[in-house]
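Could you walk me through this structure in plain language? I have never looked at it before, and a guided tour would help.

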Amino acid sequence: MNYKWKEDFINLGVGKVGKTYTIQFEYEGDPEDILSIKAFCDCTAHSFDRKTGILSVSYKAEKVPHHLRNIGYHTPHKMVKVKYKSGHEVTLTFKIRINNE
């Protein structure tokens, strides 16, 4: 079974508070091998197209947390867990740097 994604980590660079970003991960195996996909937080939503093998993840950039405002930015790393019918799991990750407004 092929658990390979074209990329398992994507760096979005610098983003803006309030903007929604869509990240696409491309699966290179048989999409029917995937049992479930779960985001690690409520700030991301996802959809998986079994015909194309494309996992689209949307993320709305939130304000810099209060405890990090003195440094002027934060860099959240967001993850999506993919579970296969075989029981194998893969974590896909993206990051973005959000500056203070």
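**A walk through the model**

Let's begin with a charged pair: Lys6 and Glu26 make a salt bridge, with 4.0 Å between the closest N and O atoms. This pair ties together distant parts of the chain, since Lys6 belongs to the segment before strand S1 (9-15) while Glu26 is in strand S2, 20 residues apart. Keep in mind as you look around that this is a predicted model.

How open are these two partners? Lys6 has a relative accessible area of 53%, so it counts as exposed, given that exposed means over 50%. Glu26 comes in at 34%, which makes it partly exposed.

In general, side chains of opposite charge can pair when their charged atoms come close. How many salt bridges are there by the rule used here? The count comes to two. Besides the pair we just met, Lys81 forms a salt bridge with Glu89, and here the closest N and O atoms are 3.5 Å apart. Lys81 is partly exposed, at 29% relative accessibility, and Glu89 is partly exposed too, at 38%.

Now go back to Glu26, because it leads us into a sheet: Glu26 stands opposite Ile54 in S5. The two strands involved are S2 (residues 20-26) and S5 (residues 54-60), and they pair in the antiparallel sense over seven bridges. On to the next strand: S4 (residues 44-49) is joined to S5 by six bridges, and this pair runs antiparallel as well. If you want places to check, Ala45 has Ser58 in S5 as its bridge partner, and Asp49 has Ile54 in S5 as its partner. So Ile54 turns up twice, opposite Glu26 and as the bridge partner of Asp49.Put together, three strands form an open sheet in the order S2-S5-S4, with antiparallel pairing. S2 and S4 stand at the edges with a single partner strand each, so one side of each has no neighbour in the sheet. On average, neighbouring strands of this sheet are turned by 20° against each other, direction ignored. The hairpin of S4 and S5 has four residues between the strands, and Gly53 there takes a positive phi near 75°.

Next, the aromatic rings. A pair of aromatic rings is described by the distance of the centres and the angle of the planes. How many aromatic pairs does a search of the whole structure find? It finds four. In one of them, the rings of Trp5 and Tyr27 have centres 4.8 Å apart and planes at 50°, so this pair is tilted. Trp5 sits in the segment before S1 and Tyr27 in the loop between S2 and strand S3 (34-39), so the pair links distant parts of the chain, 22 residues apart. Trp5 and Tyr27 are both buried.

The rings of Tyr59 and Phe94 offer another arrangement to look at. Their centres are 5.8 Å apart and their planes stand at 65°, so the pair is edge-to-face. Again distant parts of the chain are linked: Tyr59 is in strand S5 and Phe94 in strand S8 (residues 89-99), 35 residues apart. Are these two residues buried or exposed? Tyr59 has a relative accessible area of 1%, so it is buried, and Phe94 is buried with 1% as well.

Ring pairs also build a cluster, made of Trp5, Tyr27, Phe48 and Tyr84. A charge meets a ring elsewhere: the charged end of Arg97 sits over the ring of Tyr73, 3.7 Å from the ring's centre.

Arg97 brings us to a last stop, Val14, which lies in strand S1. Leaving out residues up to four places away in sequence, Val14 touches Ile96, Arg97 and Asn99. The C-alpha atoms of Val14 and Ile98 are separated by 6.0 Å, although these residues are 84 apart along the chain. Is Val14 buried or exposed? With a relative accessible area of 55%, Val14 is exposed.

Notes
Residues are numbered from 1 along each chain as its sequence is written. This is a predicted model: local features need pLDDT of at least 70, side-chain atom pairs count only at pLDDT 80 or more; totals for chains, interfaces and linings use all residues. Side-chain values use heavy atoms; hydrogens and water are left out. Two strands pair if DSSP finds at least two bridges between them. A salt bridge is a side-chain nitrogen of Lys or Arg within 4 Å of a carboxyl oxygen of Asp or Glu. Buried means under 20% relative accessible area, exposed over 50%, partly exposed in between (1.4 Å probe, protein chains only). Axes are lines fitted to C-alpha atoms, for helices over the stretch in contact, and angles run from 0 to 180 degrees between N-to-C directions. Rings of Phe, Tyr and Trp (its six-membered ring) pair if their centres lie within 6.5 Å; planes under 30 degrees apart count as stacked, over 60 as edge-to-face and the rest as tilted. A charge sits over a ring if NZ of Lys or CZ of Arg is within 6 Å of the ring centre and within 35 degrees of the ring normal. Contact means heavy atoms within 4.5 Å.
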